[in-house]
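Biologist: Please take a close look at one part of this chain, the pairing of two helices, and set it against a buried side chain elsewhere and the chain as a whole. I should also like to know how far the model may be trusted.

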Amino acid sequence: MNAYRMLWQKRADGGAKLVRLYGTSPQIRLPDQIEGHPLAEIAPYCFAKERRFLQEETEETITGTERQPSFFREICQTAAEEVALPDSVEKIGNCAFYNCRNLKTIQAGSSLQEIGSDAFMNAFSFHRLILSCEPEEKSGVRQVLHQVSWDLEVLFQTNGRTAASLFYPEYYESYDEIAPAHLFGRSIQGEGFRARQCIKDGRVDFDGYDAVFLQACAGEPEEALIKIALGRLKYPYGLCEKQREIYGGYIKAHGEGAAFFCIRRKDLGMLEFLCRERLLCGASQLFCMQEAQKAGWTEGAAYLLQCLSKKQKERKSRYDFGG
């Protein structure tokens, strides 16, 4: 279990605002309370810079300023890789994760509703958001997606169970001057932007999200489309039968790409799902087994060999009438 030294402020409502964090591990799981006060807010620049560069802080306004153990280090910028916020956190302040270039995953609850400006600026490794709530619950997913234009995977999880997995591809935004009026026209490229608009009152519009896929097929790269399709097929929350067939047809037509997806991640669970649902079969299974062997993924290769052997026995028994 990780130990932390936390500098914090008491809010007017009795909640705690985390100002700085000291510890030993880049994998951070913050507590629900600090000295009996529910952790409600992550302060501006909390993980962004070393405290000596923050002019707005004073010893008089911060609790817990006594000397921390010598083996503790300040958790900021590249020192933070995974941050799990308790369900009590309602707000992330301005630039809270600014320049956290090694940050990969953030976990938060449905209470998170307010996110300050530039909270994730330059945190380009941040590709996974885990929301500890049901997909139909209101959450801060829109606020996060509004600030993250690069690839982002959003998982809805409760009690360790994933209910929905959504992949939002990167999009690009630019402004072109319209001469001679000195006006600027906004240009957006990428279906990831349209997918991010499919949120109503803090809740994901799954039908709207699924409807983006066919248009995305015309312009998004294969890898992004495979991530979208696999996430919806494996965790089909709110997925209609027609859209299930569209996603399934895409995966069957891009079996090699789906195989590489599993191999790169060494994701045995996804590989088993693809084979069980007959989305990866025949030549695609053989190809995947060969590539898994090349990549040194013995677990995946062994599973596929077992699948191929089982099919071969079934085929043989079908034509073996005895005698």
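Modeller: The backbone oxygen of Cys46 lies 2.4 Å from a polar atom of the Arg20 side chain, in what is a predicted model. The side chain of Arg20 also has a polar atom 2.6 Å from the backbone oxygen of Tyr45. Arg20 belongs to strand β2, residues 16–23. Its relative accessibility is 0%, and Arg20 therefore counts as buried, the limit being under 20%.

I turn now to the pair of helices. Two packed helices are described by the angle between their axes and the distance between the axes. For helix α5 (residues 222–234) and helix α8 (residues 268–276), the axes come within 11 Å and cross at roughly 75°. Because angles of 65 to 115 degrees count as roughly perpendicular, α5 is roughly perpendicular to α8.

On the α5 side, the contact is made by Leu230, Leu233 and Lys234. Their partners in α8 are Gly269, Met270, Phe273 and Leu274. By class, the residues of this contact comprise five nonpolar, one polar and one charged. The charged one is Lys234, and the polar one is Gly269 under the classification used here.

The spacing of these residues can be read against helix geometry. An α-helix has 3.6 residues a turn, so residues three or four places apart point the same way. Met270, Phe273 and Leu274 of α8 all take part in the contact with α5, and these three also appear among the buried residues of α8. The other buried residues of α8 are Leu268, Leu271 and Cys275.

Both ends of α8 have a local feature. At its start, a side-chain oxygen of Asp267 reaches to within 3.3 Å of the backbone nitrogen of Gly269. Gly269 is also one of the α8 residues that meet α5. Just after α8, Arg278 adopts a positive phi of about 60°.

As for the whole, the protein chain contains 10 helices and 17 strands. Of its 323 residues, 48% count as buried. Among contacts between residues at least 6 apart in sequence, 57% join residues at least 24 apart.

Finally, on confidence, the average pLDDT of the protein chain is 89, and 86% of the residues score at least 70. Residues 55–62 are a stretch where pLDDT stays under 50. For that stretch the model has 15 contacts beyond four places in sequence.

How values were computed
Residues are numbered from 1 along each chain as its sequence is written. This is a predicted model: local features need pLDDT of at least 70, side-chain atom pairs count only at pLDDT 80 or more; totals for chains, interfaces and linings use all residues. Side-chain values use heavy atoms; hydrogens and water are left out. pLDDT is the predictor's confidence in each residue, from 0 to 100. Contact means heavy atoms within 4.5 Å. Axes are lines fitted to C-alpha atoms, for helices over the stretch in contact, and angles run from 0 to 180 degrees between N-to-C directions. Helices (H or I, at least four residues) and strands (E, at least two) are DSSP runs, numbered from the N terminus. Angles under 35 degrees count as roughly parallel, over 145 as roughly antiparallel, 65 to 115 as roughly perpendicular and the rest as oblique. Buried means under 20% relative accessible area, exposed over 50%, partly exposed in between (1.4 Å probe, protein chains only). A polar contact is a pair of N or O atoms within 3.5 Å; within protein, one must be able to donate a hydrogen and the other to accept it, and residues adjacent in sequence count only if both atoms are side-chain atoms.
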